[in-house]
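Trainee: Got a minute to look at a structure with me? I'd like to know how to read it.

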Protein chains: 4
Amino acid sequence: MTMLDIGIIGGSGYTGCELMRLLLQHPEARVRIVTSRRLSGTRVTNIHRHLSGLIDLSFENPSPSEIADACDLVFTAVPHGAAMDIVPALLEGGTRVVDLSADYRLPAQVFEKTYGRAHTDPRDGDAVFGLPELHPEASGARLVANPGCYPTGAILSAAPLANAGMTRYAIFDSKSGISGAGVEPSNTSHYPNLAENVHAYNITTHRHLPEIVQELGLLDSSLNHNRVYFTPHVVPAIRGILTTAHLILREECEYDAIMDAYKEFYMDKPFVRVREAGDALPSLADVRGSNFCDIGLVCGGDRVVVISAIDNLVKGAAGQAIQNMNLMLGLPETCGLLIPPLSP
Amino acid sequence: MTMLDIGIIGGSGYTGCELMRLLLQHPEARVRIVTSRRLSGTRVTNIHRHLSGLIDLSFENPSPSEIADACDLVFTAVPHGAAMDIVPALLEGGTRVVDLSADYRLPAQVFEKTYGRAHTDPRDGDAVFGLPELHPEASGARLVANPGCYPTGAILSAAPLANAGMTRYAIFDSKSGISGAGVEPSNTSHYPNLAENVHAYNITTHRHLPEIVQELGLLDSSLNHNRVYFTPHVVPAIRGILTTAHLILREECEYDAIMDAYKEFYMDKPFVRVREAGDALPSLADVRGSNFCDIGLVCGGDRVVVISAIDNLVKGAAGQAIQNMNLMLGLPETCGLLIPPLSP
Amino acid sequence: MTMLDIGIIGGSGYTGCELMRLLLQHPEARVRIVTSRRLSGTRVTNIHRHLSGLIDLSFENPSPSEIADACDLVFTAVPHGAAMDIVPALLEGGTRVVDLSADYRLPAQVFEKTYGRAHTDPRDGDAVFGLPELHPEASGARLVANPGCYPTGAILSAAPLANAGMTRYAIFDSKSGISGAGVEPSNTSHYPNLAENVHAYNITTHRHLPEIVQELGLLDSSLNHNRVYFTPHVVPAIRGILTTAHLILREECEYDAIMDAYKEFYMDKPFVRVREAGDALPSLADVRGSNFCDIGLVCGGDRVVVISAIDNLVKGAAGQAIQNMNLMLGLPETCGLLIPPLSP
Amino acid sequence: MTMLDIGIIGGSGYTGCELMRLLLQHPEARVRIVTSRRLSGTRVTNIHRHLSGLIDLSFENPSPSEIADACDLVFTAVPHGAAMDIVPALLEGGTRVVDLSADYRLPAQVFEKTYGRAHTDPRDGDAVFGLPELHPEASGARLVANPGCYPTGAILSAAPLANAGMTRYAIFDSKSGISGAGVEPSNTSHYPNLAENVHAYNITTHRHLPEIVQELGLLDSSLNHNRVYFTPHVVPAIRGILTTAHLILREECEYDAIMDAYKEFYMDKPFVRVREAGDALPSLADVRGSNFCDIGLVCGGDRVVVISAIDNLVKGAAGQAIQNMNLMLGLPETCGLLIPPLSP
């Protein structure tokens, strides 16, 4: 059988690397091209040493049209603002694109306000927001904007109650591993600063908040910036985001009714595992290395606390991108993605 | 000068051990007796090996009245429910007591409901809630109930705004190191379960919540169980609690006004360090091993997010107990307690 | 195509769980039976929560002959001393066995001295020592004794120079993650005791030493207990063993000659990746979750320092067991096992 | 009583910071000047935030002679090669100096070969190698070269047997926390690279080896570069070095005789705690934050394995520097330094 050819633009970072790890286990697709301007000519396994013996490619630096010619689908894993320079040529070249940057997640105007730069390729409504549990229209799409890592966990934790119109306030308190900050060393990622520590940052201003508000607002228009709060933290972990959603409801509600809403909402969503009462609550170890989003919840009075856990590099980035790829290329949604979590 | 003689009832766990570490550095007080029923006769340094060469005592098991005779003040570092069996005899014996269990923190009726057991020594109003920043009446008291670790960080993060009557909802999301769970191995403390992980637990039902409600309610009677929420988590850290207080205010408020309220409220409180804008936010490393509580905050609309950081074994337990001891014995509040944090 | 049916005796611990994780990704074999006396009737995913949605089995407790009837091959993941009670019936029942305990790794006499108990099923020479890089005779074998985790990393680090007869002393200093100690909490695995710490233990007496001596002695009979030393440590890591082999040679030797010996020795061994000069040295992250053993080395005078890295639960246990299974069942050695490491 | 005035040249890094932490607890000395060229004018607590409320100084950049005038003793905590530019002027200015760089630890010729740069201030024999357990002549010295962190742990682990002339080979395998690499983020200190990992580095070529050989060679001239090996590793820990010394003796020896040699050698050394049989072996937690070096050992045939544990920033740097300061200024060796370890 012919394998689908996949391109990865920006293969030196964690997301590009994780795309390769996952695609190595995909039965229908293979990596054809991995680009890096800086590393062009270097063997991929010189940088991503753990993939030695598994992948036999060197970083290249071809033009977008060459990539489009060679590939059935291209992942753009480049910094925010850089994707919009590449994506138009890729689409014109006839390939499909999953963009892992923020460039196409928000309307151009919101993007410009949030990221403080002009958008040179506004195509509002043209890109699908690639959270497949909410946007099955990724099937057949030519351009999908893969969501941010925090929004994935936050939106999935609150969507069923937003959908039911029951939420007065949604306060998301997220605890993330540091790999979301990327491959470059920084003061925050410096081991003596992060080990045995917790840091809150961008407490009210994180750029992922508009994505959360956008998607919850589609389900419940009352959930706007005055009702939805998001505070991220980094914890001493490489991978994973645990989001604690403190949801204050319009009225008191029973656990059974709320749990039913979650189970129904995610009934046919293979990557969302709803943990019922009696189960332990979600934790990072249960999803490590996998594309699952685990969800559990506890009720008390007019408040529901929902816990979601994802691997930020998988369901929060590369795995979800491949989930979108599967839909775009007409493959089963789970194709190559039911990789068991690595626990312990 | 004569040293004050101190007794520690229950010296085998982390709290008893930490009392010894701190009292070794105290210029006016020394440990005279350390008890352990199980370990009676064993040298203290056989159990707390890091104190070898510094302390020359064996665990003993004398009666409360013998302890009271020998000691100017006694710390009871025993399980919840066990202190009430010992404290009456200690007080009758004429010594002073700082109880580190939960037995005297709450009115007996609330205690019984929260801890599910009868209270055999109700003395409501007789014990001071030992958060010295709110309860200076510890000075001269004979019995002080040392607060729980979570309540210390949570109450201090929200007290100034509670005091100003500005708070509509107070949602505390706490991230704790695992030493708060004690010296005994458990599934939660098992390294493969905790490393690289985060766990929420007792999401709406933690037994520290009544302390938080009690103390904030004294400052603002509208802050009752329908307005104050508390969700604890454990993170991969030995020591420390970072509390993220999501405070929803009655009306929008400016940063400067709120920061002024915090600075004024804690003006003469030597162990609370208010971090102003421009400073980095509090983190566990900044307080590790010390009695400080660092506080920082960010505002946005009708919401204030306050971050507090403490060492759960020091300001959250043994250090605060010694702070109370200083007040009870007429020593300067900071005596022997300005130990610099261990960072990195 | 028909899948091969596999049994796992002792499925509640880390090794049994890891066998399931890996077999879920195997194209030719599937888990048919998982046993646990204690958990019989409980769903597997109630214990191994991360496998929810992936495996639909309950723990059972059938007799060995029932298991033998149902399975093409059985893994015994039971405590040392318990395998010898089960294995004879399994073999008589006509199935093949990979035993992950220590029961069949050593001659019965050495076993009895090392483990301090009688051997009730001595079959010296009948079981293959399942280190496939040294013992290809696992192909077609009916009983394979899967090596210990430490011996796997230690033997592979030193075998080429032992084979060349060049080694005077072999001093193995190993650094292990804690998962090797199992799923039960202990003082050693208690997070406050292990985080930010390193422990040496069983410095001269670890029970894995006889395996190391046995296998190196087969290659170079001068390498006996007076020439081979082994000291294990635990480090703050869940998975992985990094072994530093300090090899003192009979005479000075050049790097190129030694590196050539390693490359030649492991030429057709798909799971051993020899890292050449210029590469970074092996580290745990490069092999995490995978069946690879990475090896690198540095020379100086009459000394060679070899570094090997494995995942103790994979190449050190379940992965190697499946590698043996592949050989025993006539499958390609790498079938289902080229799972990319999880890094970062 | 008048406090002694202390200067710290190079106060922005971990060593300078740790000197401040320790001197804040010293009853006879206080920090008078802290220098930093880059940070001159910045408040110390803006950089070392954990010291807020404890120290009220700003970084300065005075000339060496101004510092010498103001200070009874100066610590130079500057990069290797930078101290030799400052120390002569400090000594000429009449102050005493403890140099924490490598500049005066080795004969100039050895320094030049090891560090690959010319020595502009050779004063062989003029500086005391500041390991007080071996070099009491620090008392009254004007210039002390504070040892490297690895040499401190390695030399102390092997000195008694070297002194007894019993050692044939000394193979040091050290496991270090990452703080020894300094305050600047790097790939090695990047949390995703270090957490859950172990790295060997500079396996045969670390620049601390000549110090180890020099000092052991003074005790036993047969211990030269052909007999003494040193391999460092970094482990996921902020602080601490655990050294495993694999000592091969000239002949078999009994535990009791060797333990006696250690106890006698360190009889009057207050910072070396020899752990006897029955004690647990040394570990990083037992010495964290303190100036202790814990030593334990196990024997087997002609081999002794000695374990030593230090805090690399205290006994391996700032604490030992203050121990030297005490001796140089005629204070008791332990003055201000018996700070209990922080454990857990």
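Mentor: Sure, let's go through the chain, then a sheet, then how the chains sit together.

Trainee: What should I know before we start?

Mentor: This is a predicted model, where local features need pLDDT of at least 70, side-chain atom pairs count only at pLDDT 80 or more, and totals for chains, interfaces and linings use all residues. Residues are numbered from 1 along each chain as its sequence is written, and chains are lettered from A and ligands numbered from 1 in the order in which they are written.

Trainee: OK, how many helices and strands does chain A have?

Mentor: Chain A has 10 helices and 13 strands. Those are DSSP runs numbered from the N terminus, with at least four residues for a helice (H or I) and at least two for a strand (E).

Trainee: And how compact is chain A?

Mentor: As compact as a globular protein of that length, because its radius of gyration is 19 Å, close to the 20 Å that the globule rule gives for 344 residues. The radius is taken over C-alpha atoms, and the rule is 2.2 Å times the number of residues to the power 0.38.

Trainee: What share of chain A is buried?

Mentor: Buried residues make up 60% of the 344. Buried here is 20 or more other C-beta atoms within 10 Å of the residue's own, with C-beta atoms placed from the backbone.

Trainee: Now the sheet. What's the strand order?

Mentor: In chain A there's an open sheet of seven strands, ordered E8-E9-E7-E10-E13-E12-E11, with mixed pairing. Two strands pair if DSSP finds at least two bridges between them.

Trainee: Why do E8 and E11 of chain A each have one side without a neighbour?

Mentor: Strands E8 (199-200) and E11 (272-274) of chain A stand at the edges, each with a single partner strand, so one side of each is left without a neighbour in the sheet.

Trainee: How do E12 and E13 of chain A run?

Mentor: Antiparallel, with seven bridges joining E12 (residues 293-300) to E13 (residues 303-310) in chain A. There, A:Gly296 stands opposite A:Ile307 in E13(A).

Trainee: Switching topic: how are chains A and B related?

Mentor: A rotation of 180° with 0.0 Å of shift along its axis superposes chain B on chain A, at RMSD 0.0 Å. That is the relation of a two-fold axis. The fit is by least squares on the C-alpha atoms of residues with pLDDT of at least 70 in both copies.

Trainee: Which C-alpha of chain B is nearest the axis?

Mentor: That of B:Pro236, 3.1 Å from the axis.

Conventions
A residue is buried if 20 or more other C-beta atoms lie within 10 Å of its own, exposed if 12 or fewer, and partly exposed in between; C-beta atoms are placed from the backbone.
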